[in-house]
Amino acid sequence: MDLFGKAFLVNTDIEHRWISPLLAKDEELSGIAPAIIITCGKDPLKPQGIAYANRLRNLGIKVIYKDYPKAEHGFLEFSQPEYDGDERRSPKQLEMSKDCEQYLIEELRTFLFKNDSENNT
């Protein structure tokens with residue numbers, strides 16, 4: 001995260017809760033929307049993703065967590081055309097990317113339609 005912060009967050013407080021939500025105070029996180037957190041096995045940010053999911057759960061926030069243990073960091077992007085020719089864009093990574101895309105679509109539909117039907121009753 002230090003390298004990311006130095007490269008992309010110039011003149012920005014990398015400890016701000018929007019950039020580093022694990023550093024947010026409990027009262028800043030309470031009442032936020034349910035979360036879907038996806039991690040992958042070869043991701044240096046995986047421990048933070050797990051810790052954030054656990055922290056939200058401890059605050060009573062609904063969390064859906066899914067891990068792709070054989071996926072590379074950024075695997076969701078590999079299905080995009082700009083990654084043609086990238087060595088990380090293997091058939092297995094593309095398969096996991098498509099699976100994750102479908103998973104997210106299904107989870108969001110379930111959440112949105114459930115909430116829509118609850119509001120219309």
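**Salt bridges and a lined pocket in a predicted model**

Asp-26 is partly exposed, with a relative accessible area of 39%. The model in which this residue sits is predicted. Asp-26 pairs with Arg-55 through a side-chain salt bridge, with an N to O distance of 2.8 Å. Arg-55 belongs to helix H3 (residues 46-58) and Asp-26 to helix H2 (residues 26-29), so the contact ties together parts 29 residues apart in sequence. Arg-55 is buried, because its relative accessible area of 18% falls under the 20% limit.

The chain contains four helices and two strands. Along the sequence they follow the pattern α-α-β-α-β-α. The chain has 121 residues, and 25% of them count as buried.

Five salt bridges are found in the whole structure. Side chains of opposite charge can pair when their charged atoms come close. Besides the Arg-55 and Asp-26 pair, a salt bridge joins Asp-67 to Lys-46, with the closest N and O atoms 3.0 Å apart. This pair also links distant parts of the chain. Asp-67 lies in strand E2 (residues 63-72), Lys-46 lies in helix H3, and the two are 21 residues apart. Asp-67 is partly exposed, with a relative accessible area of 24%.

A salt bridge within helix H4 is formed by the side chains of Glu-95 and Lys-92, at 3.8 Å from N to O. The two residues are three apart in helix H4, so about one helical turn separates them. Lys-92 is partly exposed, and its relative accessible area is 44%.

Helix H4 also contributes to a pocket. The second largest pocket holds about 220 Å³ of space. Eleven residues line this pocket. Pro-34, Lys-62, Ile-64, Glu-107 and Phe-111 lie nearest its centre. Strand E1 (35-42) and helix H4 (91-119) are the elements that give two or more residues to the lining. H4 gives the most, with six residues. By class, the lining has six nonpolar, two polar and three charged residues.

Phe-111 appears in two of these settings. Phe-111 lies in helix H4 and is among the residues nearest the centre of the second largest pocket. Phe-111 also joins Leu-108 and Leu-112 in a nonpolar surface patch of about 280 Å². Phe-111 is partly exposed, with a relative accessible area of 35%. That value is over the 30% cut-off for patch residues, so Phe-111 meets the accessibility condition for the patch.

Note on methods. Residues are numbered from 1 along each chain as its sequence is written. This is a predicted model: local features need pLDDT of at least 70, side-chain atom pairs count only at pLDDT 80 or more; totals for chains, interfaces and linings use all residues. Side-chain values use heavy atoms; hydrogens and water are left out. On a 1 Å grid over the protein atoms alone, a cavity is a set of points where a 1.4 Å probe fits but cannot get out, and a pocket is an open set with protein on both sides within 12 Å along at least five of seven lines; lining residues have an atom within 4 Å of a point. Grid points are joined across faces, edges and corners, and a volume is the space filled by probe spheres set on the points. Ala, Val, Leu, Ile, Met, Phe, Trp, Tyr, Cys and Pro count as nonpolar, Asp, Glu, Lys and Arg as charged, and the others, Gly among them, as polar. Patches are made of residues with over 30% relative accessible area and no salt bridge: like charges are joined within 9 Å, nonpolar side chains (Val, Leu, Ile, Met, Phe, Trp, Tyr) within 5 Å. Accessible areas come from the Shrake-Rupley method with a 1.4 Å probe; for residues, only the protein chains shown count as cover. A salt bridge is a side-chain nitrogen of Lys or Arg within 4 Å of a carboxyl oxygen of Asp or Glu. Buried means under 20% relative accessible area, exposed over 50%, partly exposed in between (1.4 Å probe, protein chains only).
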